[in-house]
Amino acid sequence: MDLDESMEVGPISEVFDGKKRITRIVSRIKDYQDKVKEIVTGNYTDFLPCCYDNLTIMKNGKILEEEINNVVSLVNQDSSWKHSEENMKHHREELSEAIMGYKTSFKLQTIHSLFEMIPRCGDDYPKLLQILEKIKVLLNDGSDPILPKLDCYQSISLRYHEEYQILLHSLNKKFETLIQFNEKLFQHTKTVTLKIKKDEDQLHQVIVSLVHTNYNVNKMCKFLMDNVFEPIITRPVSLTVNENDGDFVTMQLSYQLEVNEDLRPNHKIIFQRMMETFYCLGHMNIVISERQCIFSIIAKHIKGSMCKLIIDNCLQKDIPDTIDEMNDSSIMMAIQAFNKFLAEMLFLDNENDHVLDEYATKIDVLFQKKFCTNIVSSALEIMKKDLHDMCFVEEREAHFSSGSETFSSCMISKSTIELKKFLDKILLEASSSERQLSERLLRTIAIILERYTTEVSHNHQKLLLKIPQHTALFHNNCTYLSYWLQKNASKLNEQQSFMLIGSSLRNQGSKTFNNQLQNQRTQLLQSLEGFDITNAMVELGPEPHKAVRQCIRQLDLLKSVWQTVLPEHVYKHSIGSLLVTFCGEIIRKIFSLEDITAVIGKGLVNVLAIVIEKAPQLFKDPTDITIVVKNWTKLTQLATILDASLIEITEMWAEGKGPLTLNYKADEIKHLIRALFQNTKHRQTCLASIVQL
């Protein structure tokens, strides 16, 4: 019996022959399967035309499904079937197997029917996606073990993938006609054009469909970031939006490929350009679901890098430099307004995206940091200025209860005067600022003074090593800044750290100057190597004169660069310490002689006469030399001894009560007498009278 005819049979009698009923339904299922097989084979295996009408077969399949359900229901409910279990077992299995075959056939028939619907959908992309999704579900039904094993399964799967790729290609092409991104590169400039179709229905249909196909938006996001947002944020751009360009909204962006940093736009211009861009792009911002739209999808890919670029290349550089600028600035409100705009455009999520808002709340702290960093930078620039450009600073000597530090009038580098005025200004600002800024400004003062010695030492390293005047000025500068700290201790809240900084400044200035003094001592001693006298010499020769004059010239040069620079007491102590070394070395060399002839003695007297004449002139008051140079009197007495007779020496010793006893020991006088005079009774008498009391 034909399947179509069999489907017209009336209701089944309540009393029926179970075996006959099963046999009949199984036969119908096989007949249905044969027809489906012929359709599937013709379309997916042999690719030959089929004589069966697919719609009729599909309709008959649904009617057959109802008949199967009735048979299964009656079989399960009739108690007589339970008592004849053994007899009916074979027929039940036959029915079950036939039903499985029917389900697979019906699934194949359904898939084929869905494929036939595709050409009729045209550009109805949502419907096409729905059809392909149904086919995908049927093909991937894990509960069906039969379908994947059929010969036609691979062909059907291939047909599905082909149709899916065709849809994707069509969607991409359509998308490119609705939303057009173009760029033109010239020698020095670049032009970017964005065109968005005004047809919202088409945009919605295409974009929603693309999203459901897991469309890769990386290319679009990269284009927008590299060619639109990054240029707007980092350089001047020319931006025009035309909403009357026929069926399109058009935006054009032009900019220089290389641009001077000074021409970088400020945050107000950048935010305005960004908003104009988002307004234009808003024409494609199709809402896909309650929590998803095109902007939210794009944002997942670029919002992090875009916000970072805004902060690093715009906001950080636009933080005000001065307190007045900060008081007049609206940058915090501008950031918050822009953040709100991006949230309203659904680019940022109010619940999770807080980078810009958090940055806005930190503007005060960031300003303080930048303000103080700029202060330090300005101070460092002052420290790089020449040390030898100086002026006289006259201060009344002051004593402080917090220590015994004093300051005397002297020459100070103009750069240090400038730095001191700069510190005064910072301190004044700190006294009138709110607590947080005030404390930061005080810490900034500490940083500046802590860095003073290292920065100046580094920037003027060679000069401090070689030029005595620079060393003296550095010493004075350090003392002056330490004095400034002491004088302003109350304004600095009497912080112990500042006292330590002051001590460090004084110590570093003294250390550097003492190193210069040591270098000068070394040079004096090297020059006095020419003061070479031995017991074998017949006459003194010109070398000792030359060595002494060289040392005097060295000391004279130091006088010319130190006397008007250093505080008077520092100068006298410094030049005096060098003279002590100088005189001491001459005395040592003379005392090293065991025999001093009259000619040699006369020559030594002449040499010492040069020293005695020139050395006092190193001081404003020549008499200061006797106080500052501890061995000066000993040197002058040595010159007298070298030119004196035994009687005169005896009289100057005066049995241990004469002037020689203040600087000489008895053994030293005896040594000189033996070296100067021959061994006679008179010398023996004289030596006997030289005793230490």
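**View 1. A salt bridge joins the side chains of Lys370 and Asp321, with 3.3 Å between N and O.** In this predicted model, Lys370 belongs to helix H15 (residues 363–383), whereas Asp321 sits in the loop between helix H11 (294–318) and helix H12 (323–328), so the pair ties together parts that are 49 residues apart in sequence. The two partners can also be described by how much of each is accessible: Lys370 has a relative accessible area of 19% and is buried, while Asp321, with a relative accessible area of 36%, is partly exposed. Lys370 counts as buried because the word is used for residues under 20% relative accessible area. A search of the whole structure finds 19 salt bridges, and the pair shown here is a salt bridge between Lys370 and Asp321.

**View 2. Lys414 and Asp389 form a salt bridge whose closest N and O atoms are 3.6 Å apart.** This pair links distant parts of the chain, since Lys414 is in helix H16 (residues 414–432) and Asp389 is in the loop between H15 and strand S7 (390–393), with 25 residues separating them. Lys414 is partly exposed, at 41% relative accessibility, and Asp389 is likewise partly exposed, at 38% relative accessibility.

**View 3. Within helix H16, Asp424 and Lys420 lie 4 residues apart, which is about one turn of the helix.** These two residues form a salt bridge, and their closest N and O atoms are 3.0 Å apart. Asp424 is partly exposed, with a relative accessible area of 26%, whereas Lys420 counts as buried at 19% relative accessibility.

**View 4. Lys546, Arg549, Arg553 and Lys614 gather on the surface in a patch of positive charge.** The element that gives the most to this positive patch is helix H21 (residues 543–562), which supplies 3 residues. One of the residues of the patch is Arg553, and a reader who follows the chain will find Arg553 in helix H21.

**View 5. Phe271, a residue of helix H10 (residues 267–281), is shown with the residues that it touches.** Phe271 counts as buried, at 6% relative accessibility. When residues up to four places away in sequence are not counted, Phe271 touches Ile310, Leu315, Ala334, Ile335 and Phe338. For one of these partners, Ala334, the distance along the chain and the distance in space can be set side by side: Phe271 and Ala334 are 63 residues apart along the chain, and their C-alpha atoms are separated by 8.2 Å.

**View 6. Lys634 is placed in helix H25 (residues 632–642).** Although lysine carries a charge that is counted as positive, Lys634 is buried here, with a relative accessible area of 16%. Leaving aside the neighbours within four places in sequence, the residues in contact with Lys634 are Ile587, Asn663, Tyr664 and Glu668.

**View 7. Ala654 and Glu655 lie in the loop between helix H26 and helix H27.** The loop that holds Ala654 runs between helix H26 (646–653) and helix H27 (666–676). Ala654 is not a glycine, and yet Ala654 has a positive phi of about 50°. Glu655 is not a glycine either, and the phi of Glu655 is positive too, at about 55°. In terms of accessibility, Ala654 counts as partly exposed, at 31%, while Glu655 is exposed, with a relative accessible area of 60%.

**View 8. The whole chain, with its 28 helices and 8 strands, gives the setting for the close-up views.** Of the 693 residues in the chain, buried residues make up 47%. The chain exposes about 36800 Å², and carbon and sulfur atoms supply 50% of that area. Among contacts between residues at least 6 apart in sequence, 74% join residues that are at least 24 apart.

Conventions
Residues are numbered from 1 along each chain as its sequence is written. This is a predicted model: local features need pLDDT of at least 70, side-chain atom pairs count only at pLDDT 80 or more; totals for chains, interfaces and linings use all residues. Side-chain values use heavy atoms; hydrogens and water are left out. Patches are made of residues with over 30% relative accessible area and no salt bridge: like charges are joined within 9 Å, nonpolar side chains (Val, Leu, Ile, Met, Phe, Trp, Tyr) within 5 Å. Accessible areas come from the Shrake-Rupley method with a 1.4 Å probe; for residues, only the protein chains shown count as cover. A salt bridge is a side-chain nitrogen of Lys or Arg within 4 Å of a carboxyl oxygen of Asp or Glu. The place of a charge is taken as NZ of Lys, CZ of Arg, CG of Asp or CD of Glu. Helices (H or I, at least four residues) and strands (E, at least two) are DSSP runs, numbered from the N terminus. Buried means under 20% relative accessible area, exposed over 50%, partly exposed in between (1.4 Å probe, protein chains only). Contact means heavy atoms within 4.5 Å.
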